[in-house]
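Visitor: I am new to this structure and would like a close look at a single part, the surroundings of the ligand, followed by whatever can be said about the aromatic rings.

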Amino acid sequence: MLVVMKAQATPEEIQAVCDHIESLGYRAHPMPGAQRTAVGITGNQGEADRGNLEELSGVAEVIRVSKAYKLASRDVKEEDTVIRFAGTDATIGGRGLAMVAGPCSIESREQAFAIAEQVTASGVQFFRGGAYKPRTSPYAFQGLGLEALRILAEIREQFGLRIVTEALDTESLELVAEYADVIQIGARNMQNFSLLKRAGRLRKPVLVKRGLSATLEEFLMAAEYVMSEGNYEVILCERGVRTFADHARNTLDLSIIPAVQRVSHLPILVDPSHGTGKRDQVLPMARAAVAAGADGILVEVHHQPEKALSDGPQSIHPEQFARMMDELGQIAPVVNRQLPRGIRIEAGATE
Ligand code: PEP
Ligand code: MN
């Protein structure tokens, strides 16, 4: 259920509505919008008791949200969610495209710095590298763990890039959250509900990758798990699904972009690296993703892909990444977007 406040409702009136909802034993989620604030209600099984919500001061109407996902839905929040990063002009969602680049795994300080330097020169704002890796084989490289997180922190410091890295399990989540600006939940964990809930208790943006066979509703329900705990900064990421096609590692489902945007206010990025698994398919699919309306691209870049400890065949060279930035910069205005050029740290910012 959703309480729509009047446009002129005061903060006190909104607070009183939230208190009332909580007194009924539910959870209140105030979602400020451009025109008005809506307060989502969760915690009810079946129809929530409306109590006398409609009579409270400042309330315009109380409506039922029929979709399974509530807080992720446009019924609750009409405007697109834009996630901002204190101290920079970087955003995810909104008019600027978010470019997230880096190696699949952080393998060493030298490797990470070499790649960070080159992608920074191409103008990215987000650096991504795995410290904890979900690998199909227990014998494959599992990531450097804390050592990699420390390297990422140094990169953040030196280049001003915001850091995206994956939390593999609830045990490492808090540690990852200390170092990351955005916490990635991988495709295999998209329905790890305890991990999603724990990430929802943090106050850091969470990037949820689509599960290997997840429907649109399952994908949005993963976001809903995070949001239901009070963390509304969720970013979706399409990374390809399993099909019979064998010309690519996965089938990148770009049609999910308009499908998500129709029903949800959350930003959606596209990962053409895992989405194709093949270096030569990455750039064409990145172009297509931006043309289809993606809010940004998450891509694996390696300065020596043939030596990469994970996902070498799908990692593009830094020069190819530079070309990608150039081409996406040309496509962006056609779809009323723009490609931010590089990191600008606001003067005097401490974060
Ligand atoms: C990754 O991002 O390196 C990764 C393992 O992705 P996914 O969870 O989409 O397979
Ligand atoms: Mn990878």
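Guide: An oxygen atom of ligand 1 lies 3.1 Å from an N or O atom in the side chain of His274, where a polar contact is a pair of N or O atoms within 3.5 Å; within protein, one must be able to donate a hydrogen and the other to accept it, and residues adjacent in sequence count only if both atoms are side-chain atoms. This is a predicted model, in which local features need pLDDT of at least 70 and side-chain atom pairs count only at pLDDT 80 or more, while totals for chains, interfaces and linings use all residues. Residues are numbered from 1 along each chain as its sequence is written, chains are lettered from A and ligands numbered from 1 in the order in which they are written, and side-chain values use heavy atoms, with hydrogens and water left out.

Two arginines also reach the ligand: a polar side-chain atom of Arg128 is 2.5 Å from an oxygen atom of ligand 1, and for an N or O atom in the side chain of Arg239 the distance to an oxygen atom of ligand 1 is 2.6 Å. Of the 290 Å² of accessible area that ligand 1 has on its own, the protein covers 97% (Shrake-Rupley method with a 1.4 Å probe; for residues, only the protein chains shown count as cover). The residues around ligand 1, meaning those with a heavy atom within 4 Å of it, include Cys104, Lys133, Gln184, Lys209 and Glu300. This shell divides into three nonpolar, three polar and six charged residues, with Ala, Val, Leu, Ile, Met, Phe, Trp, Tyr, Cys and Pro counted as nonpolar, Asp, Glu, Lys and Arg as charged, and the others, Gly among them, as polar.

As for the rings, the structure holds three aromatic pairs (rings of Phe, Tyr and Trp, the last by its six-membered ring, with centres within 6.5 Å; planes under 30 degrees apart count as stacked, over 60 as edge-to-face and the rest as tilted). One of them, Phe113 with Phe159, is tilted, at 5.8 Å centre to centre and 55 degrees between the planes. Because Phe113 belongs to helix 2 (residues 109–122) and Phe159 to helix 3 (residues 146–159), this pair ties together parts that are 46 residues apart in sequence; helices (H or I, at least four residues) are DSSP runs, numbered from the N terminus. Phe113 counts as buried at 11% relative accessibility, and Phe159 is buried at 15%, where buried means under 20% relative accessible area, exposed over 50% and partly exposed in between (1.4 Å probe, protein chains only).

Note on methods
Helix = DSSP H or I, 4+ residues; strand = E, 2+ residues; numbered from the N terminus.
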